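Dear colleague,

Please find below the structure I promised to pass on to you. I would be grateful if you could read the notes that follow it with the model open.

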There are 2 protein chains.
Amino acid sequence: MSGGRSGERTYSISELAAEFDISPRAIRYYEERGLLTPRRSAGNQRVYTRRDRRRLKLILRGKRLGFSLDEIAEMIGMPETDLTEVEQIRRSLAYGRSKLEEIARRKKELAELEQDILATMETLEQTLDRLSKEGASHDPR
Amino acid sequence: MSGGRSGERTYSISELAAEFDISPRAIRYYEERGLLTPRRSAGNQRVYTRRDRRRLKLILRGKRLGFSLDEIAEMIGMPETDLTEVEQIRRSLAYGRSKLEEIARRKKELAELEQDILATMETLEQTLDRLSKEGASHDPR
DNA sequence: CTTTACGTTGACGTAAACGTTAAGTTTGAG
DNA sequence: CTCAAACTTAACGTTTACGTCAACGTAAAG
């Protein structure tokens, strides 16, 4: 009876590991690094709430985008700050803005990379066209 | 007089290192990994052409986007394939297409991350508004 | 020709992000 | 209750991407 009704769906470590296709060790490591703080069962086993699951999702997204765990910690640590301290909130907002800028930069880099690849592919396609139209006999100058 | 007129501007390793704000060691490491293959001077020193410089730029862009050197090697190794072997060209094109798909995925993830951050920031701003409007006295329920 | 800055190849060191045992504990099926 | 499956901590191993000497060669300035 103590502390809210428990309609909360929870997950074990191997459940989450299977769902996201990572190892339990990786999840424990994220906890070591302070990125996750699941509760424990009576027998000391980790219990993950939906909120923990959402955080894990964010962690993995950050990883796929090439952020380090330290950077991710800062990013998702953002909503962790005491939601009462005004100055903390201001800082979080500033940090959020800087992250948005970084995202803008990455978008730009992705676009440039895409252009590079497209350009290279066009050259290749032209070469392919030329080779197939010329057949095998040609004076190589 | 031997081998083409040398209107080619070249660079030393420390020039490139300074320009891109990385260490010469890093550049040598990229070479160890097969990502760069500069020519050598009479005295065995590395000489980088504009083409090498472009490749280095691509390497660094890939790094900023969180690709591993192996992945980058595959990506920029693409234009390295013998430009005469038709089958090689076909494979390169297929590889290019897969990379474009990956870029599309990353764009999507960046957009989602952006939304997450924006949503969090909105919540923070609302909290800030509420706190400043309520002053300091309020019954915390 | 000497000095000084820059370059070369090893070779070992290191931080990040886990993988991999090992040795013991908890949980759930029967 | 029993036993296997899943969990726990602790500790050492591994890969990636360099950093950091060391010991030597080379380029260029005076």
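The notes below begin with chain A, turn to one helix of chain B, and end with DNA strand D.

Please bear in mind throughout that this is a predicted model.

Chain A contains five helices and two strands. Their order along the sequence is α-α-β-β-α-α-α. Of the 141 residues in chain A, 34% are buried. Where contacts in this chain link residues at least 6 apart in sequence, 48% of them join residues at least 24 apart. The accessible surface of chain A amounts to about 9200 Å², and carbon and sulfur atoms account for 47% of that area.

One residue of chain A deserves a separate remark. A:Lys99 belongs to helix α5 (residues 86-134) of chain A. Its relative accessibility is 7%, and A:Lys99 therefore counts as buried, the cut-off being under 20%. Leaving aside residues up to four places away in sequence, A:Lys99 touches A:Phe67 and A:Met75 from its own chain, as well as B:Ile117 from chain B.

In chain B, I looked at helix α3 (residues 50-64). With 15 residues at 1.5 Å a residue, this helix should span 21 Å, and its end C-alpha atoms are indeed 21 Å apart, so the two values agree. The buried residues of α3(B) are B:Asp52, B:Arg53, B:Arg55, B:Leu56, B:Ile59, B:Leu60, B:Arg61 and B:Gly62. Just after this helix, B:Gly66 adopts a positive phi of about 85°.

I then examined the surroundings of DNA strand D. This strand is surrounded by 20 residues, the closest being A:Ser14, A:Arg46, B:Ser23, B:Tyr30 and B:Lys63. By class, the surface near the strand has seven charged, eight polar and five nonpolar residues. Which parts of DNA strand D lie within 4 Å of the protein? Sugar or phosphate accounts for 74% of those atoms, and bases for the rest.

Three individual contacts illustrate this. A polar side-chain atom of A:Ser14 is 2.5 Å from a phosphate oxygen of DNA strand D. At A:Arg46, a polar backbone atom lies 2.6 Å from a phosphate oxygen of the strand. The side chain of B:Arg25, by contrast, places an N or O atom 3.0 Å from a base oxygen of DNA strand D. The elements that give two or more residues to the surface near this strand are α1 (13-20) and α2 (24-32) of chain A, together with α2 (24-32) of chain B. The most is given by α2(B), with four residues.

With kind regards

Key: Residues are numbered from 1 along each chain as its sequence is written. Chains are lettered from A and ligands numbered from 1 in the order in which they are written. This is a predicted model: local features need pLDDT of at least 70, side-chain atom pairs count only at pLDDT 80 or more; totals for chains, interfaces and linings use all residues. Side-chain values use heavy atoms; hydrogens and water are left out. Buried means under 20% relative accessible area, exposed over 50%, partly exposed in between (1.4 Å probe, protein chains only). Contact means heavy atoms within 4.5 Å. Accessible areas come from the Shrake-Rupley method with a 1.4 Å probe; for residues, only the protein chains shown count as cover. The expected span of a helix is 1.5 Å times one less than its number of residues. A residue is near a molecule or strand if one of its heavy atoms lies within 4 Å of it. A polar contact is a pair of N or O atoms within 3.5 Å; within protein, one must be able to donate a hydrogen and the other to accept it, and residues adjacent in sequence count only if both atoms are side-chain atoms. Ala, Val, Leu, Ile, Met, Phe, Trp, Tyr, Cys and Pro count as nonpolar, Asp, Glu, Lys and Arg as charged, and the others, Gly among them, as polar.
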